[in-house]
Amino acid sequence: MSSTNTEPMYAPFFGVIGAASAVVFSALGAAYGTAKSGTGIAAMAVMRPEQIMKCIIPVVMAGIVAIYGLVVAVLIATTLDRDSYTLFKGFMHLGAGLAVGFSGLAAGFAIGIVGDSGVRGTAQQPRLFVGMILILIFAEVLGLYGLIIAVFLFAKAN
């Protein structure tokens, strides 16, 4: 620790954990949403193979959740500095990473469950498609809420 910096040497650790948790948890949610929706698409494709491209929307929406975590992780990583990084910034960045990571995890779970059931139901009754899309939007918004809070916390730290 230098004589001009009174912050502890381990302050950037919390920022790094925030960046890592943003990517890891949101990617876990996206992976679950993709896998769960993908199994529904495979089951649906047996009955109606012409609707595969139409029912790929849940997989795309699950992938967007991972992008939220990536954006926050990049924002945090660009401010990491050994000399001028404060403990306050570290805790704020940890909170930002956890906010977007856990909300992305929850959104991915919701997208996966809705996507699986939705595409299977759409194969049997095509009029369910619009309802499935609306519920998927509500599930995706959960991840967006975490992104908004994470960006707000990031902005307050800097």
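Does Asp116 count as buried or exposed, and what is its relative accessibility? In this predicted model, Asp116 counts as buried, because its relative accessibility is 9% and the cut-off for a buried residue is under 20%. Asp116 lies in helix α3, which covers residues 87-124. When neighbours within four places in sequence are left aside, Asp116 is in contact with Lys36, Ser37, Thr39 and Gly40.

Side chains of opposite charge can pair when their charged atoms come close. A search of the whole structure finds two salt bridges. In one of them, Asp116 pairs with Lys36, and the closest N and O atoms are 3.5 Å apart. This pair links distant parts of the chain, since Asp116 is in helix α3 while Lys36 is in helix α1 (residues 11-47), 80 residues apart. Lys36 is partly exposed, with a relative accessible area of 28%, whereas Asp116 counts as buried.

Asp116 also meets the side chain of Arg120 in a salt bridge, with an N to O distance of 2.7 Å. Here both residues, Arg120 and Asp116, lie in helix α3, and they are four residues apart, about one turn of the helix. Arg120 is partly exposed, and its relative accessible area is 36%. Lys36, Asp116 and Arg120 are thus linked in a network of salt bridges.

Two further residues of helix α1 were examined. Ser37, placed in helix α1, has a relative accessible area of 0% and is therefore buried. Not counting residues up to four places away in sequence, Ser37 touches Pro58, Val59, Ile111, Gly112, Gly115, Asp116 and Val119. Asp116 thus appears among the contacts of Ser37, just as Ser37 appears among those of Asp116. Thr34 also has its place in helix α1. Thr34 is partly exposed, because its relative accessible area is 32% and partly exposed residues fall between the 20% and 50% cut-offs. With neighbours within four places in sequence left aside, Thr34 is in contact with Val59 and Ala62. Val59 is also listed among the residues that Ser37 touches. The C-alpha atoms of Thr34 and Leu134 are separated by 18 Å, and these two residues are 100 residues apart along the chain.

Two packed helices are described by the angle between their axes and the distance between the axes. Helix α2 and helix α4 (residues 129-157) pack at an angle of about 5°, and their axes are 10 Å apart. The angle makes α2 roughly parallel to α4, because angles under 35 degrees count as roughly parallel. On the α2 side, the residues that meet α4 include Ile57, Met61, Ile64, Val65, Tyr68, Val72 and Leu75. On the α4 side, those that meet α2 include Phe129, Ile133, Leu136, Glu140, Leu144, Leu147 and Phe154. Ala62 of α2 is also among the residues that meet α4, and Ala62 is one of the contacts of Thr34 as well.

Helix α2 also has a residue in a surface patch. Val60, Ile64, Ile67 and Val71 form a nonpolar patch on the surface, and together they have about 310 Å² of accessible area. Ile67 is found in helix α2, which spans residues 57-79. Ile67 is partly exposed, with a relative accessible area of 48%. Another member of the patch is Ile64, which is also among the α2 residues that meet α4.

Notes:
Residues numbered from 1 in each chain as written. Predicted model: local features only at pLDDT ≥ 70, side-chain atom pairs only at ≥ 80, totals over all residues. Heavy atoms only, no water. Patch = residues over 30% accessible without salt bridge, like charges linked within 9 Å, V, L, I, M, F, W, Y side chains within 5 Å. Areas by Shrake-Rupley, 256 points an atom, 1.4 Å probe, with all protein chains shown as cover. Salt bridge = Lys/Arg side-chain N within 4 Å of Asp/Glu carboxyl O. Helix = DSSP H or I, 4+ residues; strand = E, 2+ residues; numbered from the N terminus. Buried < 20%, exposed > 50% of the residue type's maximum accessible area, 1.4 Å probe, protein only. Axes fitted to C-alpha atoms, helices over the stretch in contact; angles between N-to-C directions. Parallel < 35°, antiparallel > 145°, perpendicular 65-115°, else oblique. Contact = heavy atoms within 4.5 Å.
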